[in-house]
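Me: Can you walk me through this one? I'll ask as I go.

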4 protein chains.
Amino acid sequence: MQPQQSDVAAAQPALPEKLTAAQARRVATRDSILAAARELIAEDGFAGAQVSLIAVRAGVGVGSIYKHFSSRAELFAEIYRDVAAREFAHVQAAVAQTDDGAGARIAAAVATFCARALRGGRFAYALLVEHSEPDVDEHRLAFREGYRTLFREVLDQGIDDGEIPDQDTDTAAAALLGIMTETLVRPLADLDEKTNSQALIRQVVNLCLATVQARGLNQTDVDGP
Amino acid sequence: MQPQQSDVAAAQPALPEKLTAAQARRVATRDSILAAARELIAEDGFAGAQVSLIAVRAGVGVGSIYKHFSSRAELFAEIYRDVAAREFAHVQAAVAQTDDGAGARIAAAVATFCARALRGGRFAYALLVEHSEPDVDEHRLAFREGYRTLFREVLDQGIDDGEIPDQDTDTAAAALLGIMTETLVRPLADLDEKTNSQALIRQVVNLCLATVQARGLNQTDVDGP
Amino acid sequence: MQPQQSDVAAAQPALPEKLTAAQARRVATRDSILAAARELIAEDGFAGAQVSLIAVRAGVGVGSIYKHFSSRAELFAEIYRDVAAREFAHVQAAVAQTDDGAGARIAAAVATFCARALRGGRFAYALLVEHSEPDVDEHRLAFREGYRTLFREVLDQGIDDGEIPDQDTDTAAAALLGIMTETLVRPLADLDEKTNSQALIRQVVNLCLATVQARGLNQTDVDGP
Amino acid sequence: MQPQQSDVAAAQPALPEKLTAAQARRVATRDSILAAARELIAEDGFAGAQVSLIAVRAGVGVGSIYKHFSSRAELFAEIYRDVAAREFAHVQAAVAQTDDGAGARIAAAVATFCARALRGGRFAYALLVEHSEPDVDEHRLAFREGYRTLFREVLDQGIDDGEIPDQDTDTAAAALLGIMTETLVRPLADLDEKTNSQALIRQVVNLCLATVQARGLNQTDVDGP
DNA sequence: AATGAATGAGTATTCATTCAT
DNA sequence: CATGAATGAATACTCATTCAT
């Protein structure tokens with residue numbers, strides 16, 4: 001979830017052969033715009049990522065941004081899509097690499113989410129929790145929904161394997177996302193405070209496992225206020 | 001967490017003597033401004049709570065708002081403080097009324113938070129998750145931190161009683177807040193969808209109890225990416 | 001049709017008593033905005049009447065313009081409505097003052113239109129023929145339609161009186177408007193060229209009378225290309 | 001006045017020798033640009049005829065347009081010149097084919113103008129009445145002036161023949177153009193409304209004949225306001 | 001004290017034109 | 001020679017805050 005680096009899911013151009021020089025330049029401009037936007041979001045959140053600032057940072061004219069993206073919202077939408085694809089791929093890869101049972105898979109998923117979010121820092125914070133215009137916020141919600149779906153799948157798999165108790169996995173997935181977001185939100189926002197990431201992640205993983213592995217708690221009766 | 005009503009913690013400062021008529025009028029004006037702001041937030045979120053709209057709704061001039069509050073952010077800050085005091089009081093009262101053990105106290109705290117948030121609807125949604133200007137957002141974070149502190153106290157009490165396992169209650173409290181927020185966020189935003197609040201609350205309470213009551217999960221080892 | 005002067009149809013405030021000082025100031029600001037807009041339209045057409053320029057000319061902030069008019073288009077709409085009301089009133093008054101028969105009434109209507117348009121100069125030109133955004137253009141067309149309706153009424157009256165031959169007065173009114181607009185368009189656009197307005201108006205009146213007073217020409221047969 | 005077809009006056013300059021292949025290609029490109037611009041004007045008016053859209057429609061790069069035309073305005077200027085030449089030729093041809101007297105010649109001129117304008121539809125509307133940048137509008141006015149000159153010549157001829165009364169033919173020509181434009185402007189703009197073109201043209205011809213054939217109306221006296 | 005008219009800095013977007021490849 | 005990616009000036013509108021009355 002780092003704005004600066006490209007990794008696992010970073011798009012290799014599907015065409016094996018080289019692009020023309022012009023195409024390469026166009027792609028480079030586009031990438032510099034995306035990179036500039038990611039940097040500014042990482043520094044000041046969406047409020048700081050104004051079109052003219054993005055243009056300056058990318059070293060292009062404002063008009064060029066609109067050659068590549070139909071609107072500011074669409075630019076951010078692309079950032080969300082890119083990040084979502086990459087992050088989801090990472091979590092799925094972490095799950096796939098684990099063959100120690102459902103608990104381990106869930107732990108891997110949670111740990112991967114947290115570790116990557118913590119490395120994403122302010123950028124991850126903005127994408128996960130910052131509001132913006134409705135058009136952009138829509139994508140933030142979709143991004144979160146993506147995680148919800150992803151974690152639900154991992155939970156469903158765990159239930160299928162009979163290793164975690166049957167439960168409403170949609171709500172449970174929301175709970176996991178809530179735990180992760182809320183426990184990480186302060187470290188993500190404050191770059192200064194040096195958190196012991198390893199310890200924090202271990203803690204969050206344990207909380208998440210506890211949440212979904214508990215058995216026999218459904219009898220608790222609650223009377224509304 | 002309903003904008004319209006004032007209850008438990010909305011206590012008038014217990015000044016023994018009466019206010020002059022002028023003072024009473026001043027307080028009434030101030031209250032009408034706050035009420036108008038709460039209503040507008042409940043209807044359209046922070047974006048809809050513009051100073052001029054608040055003035056119209058309160059039946060005062062815009063200038064008068066600045067006689068009572070130094071800025072729009074300060075007005076919202078007061079709303080946050082009021083709501084925080086009232087809500088925290090409710091959760092604490094619910095806990096105090098429970099003498100069935102730590103689990104029941106935690107369940108009462110969580111259930112009270114959820115039930116009141118659900119009744120607060122769009123207003124609760126705005127206060128809990130909507131961003132606004134940085135100056136206002138600061139208070140939203142403080143509001144959430146307040147809950148975190150509150151739930152930590154309940155957890156600490158439970159640990160003291162030996163009924164729930166020892167753990168980092170600060171992080172656990174954050175986890176509870178995360179679970180509650182994330183599982184409620186959709187129902188809070190969509191007023192149309194008629195949620196079965198009782199069932200939802202029961203589910204959330206169970207998830208929260210599972211999170212903090214689990215024992216012996218701390219051995220899980222995580223290797224960061 | 002002069003932007004600077006207020007006459008016959010200029011609104012006397014319907015309320016007989018004085019406005020408060022604040023109301024008077026508000027009205028003065030509003031009027032200065034309208035006056036500034038009319039001046040700029042008269043100087044450079046709609047293209048020159050940009051919101052910021054209007055604000056500078058009126059000696060107000062841009063925001064003030066939006067306190068009085070919901071949009072730039074609405075400001076222009078009001079100008080159109082004001083002018084239409086005043087101009088239509090003048091033409092109708094000229095007709096009413098004439099009791100020498102239908103021909104004289106039509107002559108009075110045409111002469112009044114032309115004389116006032118010529119005095120309006122570049123301003124009249126802009127209102128009558130200049131295109132702008134669709135939202136504004138709509139009002140220009142309505143303005144022209146208003147004249148068309150007005151002249152049709154005068155023609156209908158003439159036919160009722162049996163003094164001018166029966167004909168399609170809607171089309172005839174359009175023809176009159178066309179004659180007037182087209183014969184005046186050059187003098188209206190070129191402020192430099194000193195036209196003999198009296199002679200021009202007499203000519204236009206004659207052409208218009210000829211157009212509507214002719215009898216027995218309907219047998220002309222035309223074969224389309 | 002149809003954008004798609006080239007006819008009478010679209011004559012290739014009568015160079016006796018063939019062009020080289022390169023020259024032919026260059027002319028073809030130029031023509032395709034002009035054709036694309038005409039199509040777009042016909043579809044959406046000047047506002048829709050953006051340089052990049054013209055390039056796409058013509059199947060060339062935007063840069064190529066500037067190899068053939070120094071600016072967007074110059075491209076439109078050429079369209080105006082082409083259309084003017086063709087249309088003027090048609091009107092003149094219609095007049096030349098008529099030997100039944102001055103009235104018939106004028107009727108032929110008017111009918112030809114109207115019939116062709118109605119067939120030109122939205123394209124004719126744009127060229128005749130739509131404003132654009134000042135640089136382009138200049139050509140619109142010149143186009144209209146051309147018609148004025150043309151109709152003046154027809155009128156002068158009629159006066160020479162002694163068949164229509166002596167009058168200021170310049171102003172009368174403007175009147176004819178005004179009648180035609182104003183009576184046609186609604187049908188030209190609304191493609192939906194199926195107008196009975198034949199009937200409309202007959203009406204317009206009659207109005208025009210009435211305008212210029214009237215005798216003895218010059219005594220009407222007008223007192224300016 | 002109360003008012004509300006006035007303020008103006010701040011921002012996303014368009015499109016004719018250019019020029020390096 | 002043709003291209004089309006890049007350019008950037010230009011412009012309407014918002015809303016928290018102020019201050020003369």
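Me: What is 2.6 Å from a phosphate oxygen of DNA strand F?
Reply: A polar backbone atom of A:Gly61. A polar contact here is a pair of N or O atoms within 3.5 Å; within protein, one must be able to donate a hydrogen and the other to accept it, and residues adjacent in sequence count only if both atoms are side-chain atoms. Bear in mind that this is a predicted model, where local features need pLDDT of at least 70, side-chain atom pairs count only at pLDDT 80 or more, and totals for chains, interfaces and linings use all residues. Residues are numbered from 1 along each chain as its sequence is written, chains are lettered from A and ligands numbered from 1 in the order in which they are written, and side-chain values use heavy atoms, with hydrogens and water left out.

Me: OK, and which residue has a backbone N or O atom 2.9 Å from a base nitrogen of strand F?
Reply: That's D:Gly63. B:Gln50 has a side-chain N or O atom 3.4 Å from a phosphate oxygen of DNA strand F.

Me: Which elements give two or more residues to the surface near strand F?
Reply: α1 (21-48) and α3 of chain A, plus α3 of chains B, C and D. α3(A) gives the most, with five residues. Helices (H or I, at least four residues) and strands (E, at least two) are DSSP runs, numbered from the N terminus.

Me: How many residues surround strand F?
Reply: 31, and the closest are A:Thr29, A:Gly61, A:Ser64, A:His68 and D:Ser64. "Near" means that one of a residue's heavy atoms lies within 4 Å of the molecule or strand. Of the strand F atoms that come within 4 Å of the protein, 63% are sugar and phosphate.

Me: What kinds of residues are they?
Reply: 10 nonpolar, 14 polar and seven charged. Ala, Val, Leu, Ile, Met, Phe, Trp, Tyr, Cys and Pro count as nonpolar, Asp, Glu, Lys and Arg as charged, and the others, Gly among them, as polar.

Me: Now the other strand. Which residues are closest to DNA strand E?
Reply: B:Ser64, C:Thr29, C:Gly61, C:Ser64 and C:His68, out of 31 that surround strand E. They divide into nine nonpolar, 14 polar and eight charged.

Me: What touches its phosphates?
Reply: The side chain of C:Ser64 has an N or O atom 2.4 Å from a phosphate oxygen of strand E. For D:Gln50, a polar side-chain atom lies 3.3 Å from one, and for D:Arg72 a polar backbone atom is 2.9 Å away.

Me: Which element gives the largest share of that surface?
Reply: α3(C), with five residues.

Me: Switching topic: how does chain A fit on chain B?
Reply: A turn of 176° and a shift of 0.1 Å along the axis lays chain A on chain B with an RMSD of 0.5 Å. The two copies are therefore related as by a two-fold rotation axis. Copies are superposed by least squares on the C-alpha atoms of residues with pLDDT of at least 70 in both.

Me: And chain C on chain D?
Reply: There the turn is 176°, the shift along the axis is 0.0 Å and the RMSD is 0.5 Å.

Me: Last one: which domains does chain A have?
Reply: Domain 1 (5-72) and domain 2 (74-223), with bounds from an automatic or database domain assignment.
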